[in-house]
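Work through the following exercises with the sequence and the structure side by side. Try each task before reading its solution.

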Amino acid sequence: IPQISYASTAPELSDPGRYEFFSRVVPPDSYQAQAMVAVVRALGWSYVSTLASEGNYGESGVEAFVQSSREAGGLCIAQSIKIPREPKPGEFAKVIGRLMETSTARGVVLFANEDDIRRVLEAATLANLSGHFSWVGSDSWGAKMAPVQGLEDAAHGAITILPKRASVPGFDEYFTSRSLENNRRNLWFHEFWEDDFNCRL
């Protein structure tokens with residue numbers, strides 16, 4: 001079944017041998033990793049830490065960042081920290097503690113989910129380290145408010161990556177005007193209709 005994704009950024013999905021029927025409308029994480037390396041170099045940083053949520057998105061993103069930084073040269077990775085998928089109590093305080101082991105690496109590159117980002121910022125605030133770290137966040141942070149709401153001091157000065165977005169003229173009007181009468185060619189539309197409107201046709 002051909003699939004088109006609006007949000008899947010894992011680099012391995014670019015392999016046409018394994019994912020022959022998959023396409024996407026966003027660039028893979030390897031592109032944003034290159035952009036993050038460019039940002040770090042433009043800021044004149046040469047010593048940074050990386051922080052990743054355990055799983056494909058976080059680990060692949062950091063791996064791509066490390067690879068791009070090697071190719072670009074002049075950038076040292078102080079340490080790469082992984083946030084467990086199911087963190088135990090006190091885990092984020094430990095993450096901040098580990099980052100402080102190399103306290104001169106104040107730049108931290110984050111490939112983490114929204115919840116992990118928020119909990120890292122909370123831990124930095126509780127450790128009285130708001131403003132100590134300079135964050136470079138991936139598209140999971142992007143322009144979202146949820147990870148930083150109430151933690152603005154800890155997030156102050158962060159630079160986040162977001163793929164370029166554009167509106168397609170007429171798409172919203174077309175999409176929201178679909179109904180059972182005018183959308184018979186989509187075989188699954190009636191299932192969506194039943195689920196969305198909690199009804200039986």
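Helices (H or I, at least four residues) and strands (E, at least two) are DSSP runs, numbered from the N terminus. The model is a predicted one.

**Exercise 1. Find where Asn128 lies, and state whether Asn128 is buried or exposed.**

Solution. Begin with the elements on either side: Asn128 is found in the loop that runs between α4 and β6. Next, take the cut-off, by which a residue is exposed when its relative accessible area is over 50%. Asn128 has a relative accessibility of 71%, and therefore counts as exposed. Finally, look at the backbone, where Asn128 has a positive phi of about 60 degrees although it is not a glycine. Most residues other than glycine have a negative phi.

Asn198 can be treated in a similar way. Asn198 lies in the segment after α7, and its relative accessible area of 73% makes it exposed. Its phi is positive too, at about 50 degrees, although Asn198 is not a glycine.

**Exercise 2. Work out the strand order of the open sheet, and name its edge strands.**

Solution. The open sheet is formed by five strands, which follow one another in the order β4-β3-β5-β6-β7 with parallel pairing. The strands that pair on one side only are β4 (76-83) and β7 (159-160), and these are the edge strands.

Now go through the pairs. Strand β3 (residues 47-53) is joined to β4 by six bridges in the parallel sense, and within this pair Leu51 has Ile81 of β4 as its bridge partner. Five bridges, again in the parallel sense, pair β3 with β5, where Ser49 is matched with Val108. From β5, four bridges lead on to β6, and these two strands run parallel. On this side Val108 stands opposite Trp135 of β6.

**Exercise 3. Determine how many residues of β5 are buried, and which of them belong to each face.**

Solution. The count comes first: five of the five residues of β5 are buried, so that the strand is mostly covered, where buried means under 20% relative accessible area. Dividing them by face, Gly107, Val109 and Phe111 lie on one side, while Val108 and Leu110 lie on the other, and both faces are covered.

Then ask which helices lie against the sheet. Helix α1 packs on the sheet and touches β3, β5 (107-111), β6 (134-137) and β7, its direction making about 170 degrees with that of β5. Helix α3 (residues 91-101) lies across β3, β4, β5 and β6, and runs at about 170 degrees to β4.

**Exercise 4. Describe how α1 packs against α2, and how α3 packs against α4.**

Solution. Two packed helices are described by the angle between their axes and the distance between the axes. For helix α1 (residues 29-42) and helix α2 (residues 56-72), the axes come within 8 Å and cross at roughly 50 degrees, and the two helices are therefore oblique to each other. Their crossing is right-handed. Among the residues making the contact are Ala33, Met36 and Val37 of α1, together with Gly61, Ala64 and Phe65 of α2. By class, the residues of this contact comprise eight nonpolar, six polar and two charged.

For α3 and helix α4 (residues 114-126), the axes are 9 Å apart and the angle is about 70 degrees. Because angles of 65 to 115 degrees count as roughly perpendicular, α3 and α4 are described as roughly perpendicular to each other. The crossing of α3 with α4 is right-handed. The contact is made by Phe92, Ala93 and Ile96 of α3 with Asp116, Arg119, Val120, Ala123 and Ala124 of α4. Six of these residues are nonpolar, none is polar and two are charged.

**Exercise 5. Locate Ser179 and Glu59, and list their contacts beyond four places in sequence.**

Solution. Ser179 lies in the loop between α6 (171-176) and α7 (189-197). With a relative accessible area of 15%, Ser179 is buried. Once its neighbours within four places in sequence are left aside, Ser179 is in contact with Phe189 and Trp193.

Glu59, by its place, belongs to helix α2. At 32% relative accessibility, Glu59 counts as partly exposed. Not counting residues up to four places away in sequence, Glu59 touches Ala52, Ser53, Glu54 and Lys82. As a last step, compare Glu59 with Asp196: they are 137 residues apart in sequence, and 34 Å apart in space from C-alpha to C-alpha.

How values were computed: Residues numbered from 1 in each chain as written. Predicted model: local features only at pLDDT ≥ 70, side-chain atom pairs only at ≥ 80, totals over all residues. Heavy atoms only, no water. Axes fitted to C-alpha atoms, helices over the stretch in contact; angles between N-to-C directions. Parallel < 35°, antiparallel > 145°, perpendicular 65-115°, else oblique. Left-handed = near helix turned anticlockwise from the far one by under 90°. Contact = heavy atoms within 4.5 Å. Nonpolar A, V, L, I, M, F, W, Y, C, P; charged D, E, K, R; others polar. Pairing = 2+ DSSP bridges. Buried < 20%, exposed > 50% of the residue type's maximum accessible area, 1.4 Å probe, protein only.
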